[in-house]
Amino acid sequence: MAATTTPPSIELPAALPSSSAGRRLAVACSGGRDSMALLHAAVREGASLGAEVVALHVHHGLSAQADTWLDHVREQCARWAFEGLPVSFQSRRLALSPGVGESVEALARGARYQALAQMCQEAGCDAVLLAHHRRDQAETFVLQALRGAGVAGLACMAGAMQRHGVTWLRPWLGQPRERIEAYVALHAVPFVDDDSNVDHRFARNRLRLAVWPALQQAFGDAEQALAQAAAHQSDVLACMDDWLAIRLPEVSRAVAAGQGDEAGAARLALDVQAWSIWGEGPRRELLRGWFRQATGRVLPASWVQRLHVEALGAAAARRWPMSLRALAPNQPGLEGEVVLYRGLLTWRPWAAVPSVFSPWADQPDSLSLHIETAGRVMLPAGWGQLMVEPVAAEGVPLSWLNDCELAPRRGGERFQMAAGRPARSLKKQFQMLAVPAWAREGPLLWAQGQLIFVPGLGMDARAWGRPGETQVRLTWRPAIIPDPSEHAGIPPVGRAVAG
Ligand SMILES: Nc1ncnc2c1ncn2[C@@H]1O[C@H](COP(=O)(O)OP(=O)(O)OP(=O)(O)O)[C@@H](O)[C@H]1O
């Protein structure tokens, strides 16, 4: 078949907007088959067009093989440069530390794009080429569908995009994988096999190894059909973006920001009455669009369903506390609440949320806590939650939390801010530190007959641990109803019993 044996060529003129001569072009190269093939093609075409190619490699510091990949790309570039070809090499090492429940893959991908963009700018290149091909696109479509993605996810990868101030191009996105294999065989392009490609923990590997062969056998043109479906979704996405740009302003408006927002900031509020005249589908899409604009994050499907029903049906004011975990460096965690007030739906980050300590009527008036490790302690209804963080100094010894008690203010408590300072009434301390009234309401934590923690003030200096002792700092947050799907992998720690 001609389609599988004709080696692809990269279209450098398309990658380089004006005359190619004297231009610099970057190729993101992992050392694997596809990107080594793309680098090989770019270097050869660059030589004939008078363009210079810079190979960019990111060492993630995650795999035992990482040094081998880096050496492979660097040495190959050195060999080609020695032969007189216009290529140079740049690399960057990352030090990634994934947080609890954070996807290592997503973290590595986000950090890789940032590092590639920086190297591209430093090298003065016009664009970065990525070696994704049609099979990658088809796989991405299947993986997105299996995640329950919407149009934006199903549109998969774009052939050209701007991100981090850099142009990214995927010149081989329409090329079948077999053509890249044929190119590699024809030119004997040396590459390194990634041993993590057989690791079944990664969804893409499971798809490649267990599903794709059967799919291809049953549906010979699966790769082409799925890539075509992605291209169609990309067109639909462009239409959706245009539609939202017109419709969202009709059902939303900017309202003055509140406590905890940046100075001069405004919040985008969804006008429930204007929103409610739309049919169900557009309403859900407007809700997603509003949330994305208000927070920069995608509203998870479970929240779309819930808010759509509850905000529409809510008679009066209502709050939905929400906590979304970090997904990647450009998608940090989000904690706050969606608030419905006077017909407007707004997002308020935690910093802007007044603390409300309101144990339910059937709750005890104090709680005995047994906390053994740092983490998030979910308390019974209305009590909120305690965050327990390890610190090197000015924290309470962790062992004290094995047996402690949380109780509302009863009056007469005294708090000491720092060593050598007098203990003063809470009221005085709150005034001295200008803690607003709404942040003074949280429950107090006691251990060994000593007040150890006051929300808004911190850890009482009389309870601070000795240097070298394992110690922690506490913060308290008002009641929160987490989305269970967002908390996978973050087990609550400690347990609370009625005191
Ligand atoms: N460590 C890296 N350094 C530089 N670029 C990278 C790196 N990893 C991936 N890329 C770029 O991102 C593209 C997609 O990466 P991905 O890991 O999804 O693909 P791959 O199938 O492993 O590709 P390859 O065979 O080129 O390694 C690669 O083709 C390459 O252009």
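In the predicted model, Gln 448 occupies the loop that joins β19 (444–447) to β20 (450–454). The backbone of Gln 448 adopts a positive phi of about 50°, although this residue is not a glycine. With a relative accessibility of 61%, Gln 448 lies over the 50% limit and therefore counts as exposed.

A positive phi is also found at Cys 156, where the angle is about 55° and the residue is again not a glycine. Cys 156 belongs to the loop between α7 (151–154) and β5 (160–163). The relative accessibility of Cys 156 is 19%, and because buried residues are those under 20%, Cys 156 counts as buried. The two loop residues thus fall into opposite classes of accessibility: Gln 448 is exposed, whereas Cys 156 is buried.

The setting of these residues is a protein chain whose secondary structure comes to 14 helices and 23 strands. Of its 499 residues, 44% count as buried. The chain exposes about 24,200 Å², and carbon and sulfur atoms supply 53% of that area. Among contacts with a separation of 6 or more, 68% are made by residues 24 or more positions apart.

The ligand is surrounded by 17 residues, of which Ala 28, Ser 30, Ser 35, Val 58 and His 132 come nearest. By residue type, this shell divides into seven nonpolar, six polar and four charged residues. Two serine side chains approach oxygen atoms of the ligand: an N or O atom in the side chain of Ser 30 is 2.3 Å from a ligand oxygen, and for the side chain of Ser 35 the corresponding distance is 2.6 Å. The main chain takes part as well, since a backbone N or O atom of Cys 29 lies 3.3 Å from a nitrogen atom of the ligand, which places this pair within the 3.5 Å limit for a polar contact. Taken alone, the ligand exposes 580 Å², and the protein buries 83% of that area. The elements that give two or more residues to the shell are α3 (33–49), β2 (52–59) and α5 (104–122).

In soluble globular proteins, nonpolar side chains tend to be buried together. In this model, the largest nonpolar core has 28 residues, and those with the most contacts inside it are Leu 39 and Val 73. At least two residues of this core come from each of β1 (24–28), α3, β2, α4 (66–82), β3 (87–93) and α8 (177–187). The greatest contribution is that of α3, with seven residues. Helix α3 and strand β2 are thus represented both in this core and in the shell around the ligand. Apart from residues up to four places away in sequence, Leu 39 touches Val 27, Cys 29, Val 53, Ala 55, Val 73, Cys 77, Trp 80 and Val 87. One of these partners, Cys 29, is also the residue whose backbone lies 3.3 Å from a ligand nitrogen. A second, separate core contains 24 residues, including Val 251, Phe 291, Leu 299 and Leu 340.

Trp 275 is placed in helix α11 (residues 272–276). Its relative accessible area is 0%, and Trp 275 is accordingly buried. Beyond its neighbours within four places in sequence, Trp 275 is in contact with Val 251, Leu 270, Arg 283, Leu 286, Leu 287, Leu 307, His 308, Ala 311 and Leu 312. Val 251 in this list is a member of the second core. Trp 275 and Leu 312 are 37 residues apart along the chain, and their C-alpha atoms are separated by 8.9 Å.

A further buried position is Gln 233, which is found in helix α10 (residues 222–251). Gln 233 has a relative accessibility of 18% and so remains under the 20% limit for a buried residue. Its contacts, leaving aside neighbours within four places in sequence, are with Phe 141, Val 151, Leu 154 and Ala 155. Val 151 and Leu 154 fall within α7 (151–154), the helix that precedes the loop of Cys 156.

Val 377 belongs to strand β13 (residues 375–378). At 1% relative accessibility, Val 377 counts as buried. Met 387 is ten residues from Val 377 along the chain, and the C-alpha atoms of the two residues are 6.2 Å apart.

Note on methods: Residues numbered from 1 in each chain as written. Predicted model: local features only at pLDDT ≥ 70, side-chain atom pairs only at ≥ 80, totals over all residues. Heavy atoms only, no water. Near = heavy atom within 4 Å. Polar contact = N/O pair within 3.5 Å; in protein donor to acceptor, adjacent residues only side chain to side chain. Areas by Shrake-Rupley, 256 points an atom, 1.4 Å probe, with all protein chains shown as cover. Helix = DSSP H or I, 4+ residues; strand = E, 2+ residues; numbered from the N terminus. Nonpolar A, V, L, I, M, F, W, Y, C, P; charged D, E, K, R; others polar. Core = buried A, V, L, I, M, F, W, Y, C linked by side-chain atoms within 4.5 Å. Buried < 20%, exposed > 50% of the residue type's maximum accessible area, 1.4 Å probe, protein only. Contact = heavy atoms within 4.5 Å.
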